[in-house]
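Visitor: I've got a structure to look over before I head back to the bench. Could you walk me through it?

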Amino acid sequence: MTPAPAPAPAPAPAPAEGAGDQGRSFLFVLGSSRPDGNTARLARSAAEHLPTDVRQNWIDLNGLALPDFQDGRHEHEGLRPGVAEAELHEATLAATDIVIASPLYWYSFSAQTKRYLDHWSGWLSVPGSRFAARMAGRRLWGVTAMADRDETVAGGLDTSLHHTAAYLKMGYGGILLGNGSRPGQIAADERTARRARTFFAGPAPLARFPNEVAADAA
């Protein structure tokens with residue numbers, strides 16, 4: 001489902017690009033079907049290198065009874081969020097940086113991760129939430145473990161995250177990709193271990209749709 005055009009965003013409380021780490025808060029959303037799988041281990045490896053004053057909140061989607069998204073945007077009163085959805089909604093808006101940690105399943109997100117992101121569509125129209133306006137200026141990151149060593153096969157997942165960030169006027173820091181299929185295999189990926197040390201210190205420029213970039217270049 002393609003969301004309706006986002007309203008013009010108001011300034012968000014997230015720090016501006018290059019503003020340093022003061023006031024940053026990371027939400028790590030774990031979407032693997034396997035507890036403490038390769039993707040979660042890779043995310044934790046990267047998080048170890050965040051400054052100690054950066055807050056971290058970790059949510060494992062397997063531990064939440066999150067129902068499938070139901071589109072109630074055009075109902076008179078909408079759908080009332082359950083406890084799990086309300087917890088995710090609050091945690092998402094409380095973070096300056098959201099990290100989507102999903103293994104590569106059929107060249108895209110895991111089912112758990114896609115369900116979480118689908119709920120963003122509903123939050124766009126929650127009365128008083130101002131979800132789009134409040135997400136603008138924040139940063140979106142990805143962490144993914146996959147069996148294939150050819151990183152180009154993760155292009156679909158990368159595009160989905162990038163366009164999500166572009167829609168909400170967020171910065172996008174890209175995806176930390178690692179190789180691992182069997183439990184614990186990610187530990188042998190030395191190249192990704194090196195990337196993980198500096199991944200969250202990298203740039204997260206404002207994401208823009210290809211047509212926007214093309215229009216500026218014209």
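Visitor: Let's start with Arg-41: which class of exposure does Arg-41 fall in?
Guide: This is a predicted model, so the values here are computed from predicted coordinates. The relative accessibility of Arg-41 is 38%. Buried would need under 20% and exposed over 50%. Because 38% sits in between, Arg-41 counts as partly exposed.

Visitor: Which side chain meets Arg-41 in a salt bridge?
Guide: The partner has a relative accessible area of 44%, so that residue is partly exposed too. The N to O distance of the bridge is 3.5 Å. The side chain that Arg-41 meets is Asp-36.

Visitor: And how many salt bridges turn up in the whole structure?
Guide: The Arg-41 and Asp-36 pair is a salt bridge, and Arg-24, Asp-97 and Arg-139 are linked in a network of them. Searching the whole structure gives a total of 8.

Visitor: How far apart in sequence are the parts tied together by Glu-151 and Arg-191?
Guide: These two side chains form a salt bridge at 3.1 Å, N to O. Glu-151 lies in the loop between E4 and H5, while Arg-191 is in helix H6 (residues 190–198), so the parts that this pair ties together are separated in sequence by 40 residues.

Visitor: Which other arginine of H6 does Glu-151 meet in a salt bridge?
Guide: Glu-151 is partly exposed, at 27% relative accessible area. The second bridge has an N to O distance of 2.8 Å, and it links distant parts of the chain, 44 residues apart. The arginine in question, partly exposed at 30%, is Arg-195.

Visitor: Switching to Thr-92, is that residue buried or exposed?
Guide: Thr-92 has its place in helix H2. Leaving out residues up to four places away in sequence, Thr-92 touches Leu-27, Ile-98, Tyr-116, Trp-120, Trp-123, Phe-131 and Met-135. Its relative accessibility is 0%, and therefore Thr-92 counts as buried.

Visitor: Which backbone oxygen does the side chain of Thr-92 reach?
Guide: The distance for this polar contact is 2.7 Å, inside the 3.5 Å cut-off. The backbone oxygen belongs to Leu-88.

Visitor: What span does helix H3 reach from its first C-alpha to its last?
Guide: H3 covers residues 111–123, which makes 13 residues. At 1.5 Å a residue, the expected span is 18 Å, and the model comes close to that. The span in the model is 19 Å.

Visitor: Which strands and helices do the buried residues of H3 pack against?
Guide: Among the buried residues of H3 are Tyr-116, Trp-120 and Trp-123, and Thr-92 of helix H2 touches each of those. The packing partners are strands E1, E3 and E4 and helices H2, H4 and H5.

Visitor: Which side chain makes a polar contact with the side chain of Ser-110?
Guide: Ser-110 is in the loop between E3 and H3 and is buried, with a relative accessible area of 0%. Ser-110 also lies 7.8 Å from Ser-33, C-alpha to C-alpha, though the two are 77 residues apart in sequence. The polar contact is 2.8 Å, and the partner is Thr-113.

Visitor: Last one: over which residues is the pLDDT below 50?
Guide: The mean pLDDT of the chain is 87, and 85% of its residues reach 70 or more. One stretch falls below 50, although it has 27 contacts in the model beyond near neighbours in sequence. Where pLDDT is low, predicted coordinates shouldn't be read in detail. The stretch is residues 7–19.

Methods: Residues numbered from 1 in each chain as written. Predicted model: local features only at pLDDT ≥ 70, side-chain atom pairs only at ≥ 80, totals over all residues. Heavy atoms only, no water. pLDDT = per-residue confidence, 0-100. Contact = heavy atoms within 4.5 Å. Helix = DSSP H or I, 4+ residues; strand = E, 2+ residues; numbered from the N terminus. Expected span 1.5 Å × (residues − 1). Buried < 20%, exposed > 50% of the residue type's maximum accessible area, 1.4 Å probe, protein only. Polar contact = N/O pair within 3.5 Å; in protein donor to acceptor, adjacent residues only side chain to side chain. Salt bridge = Lys/Arg side-chain N within 4 Å of Asp/Glu carboxyl O.
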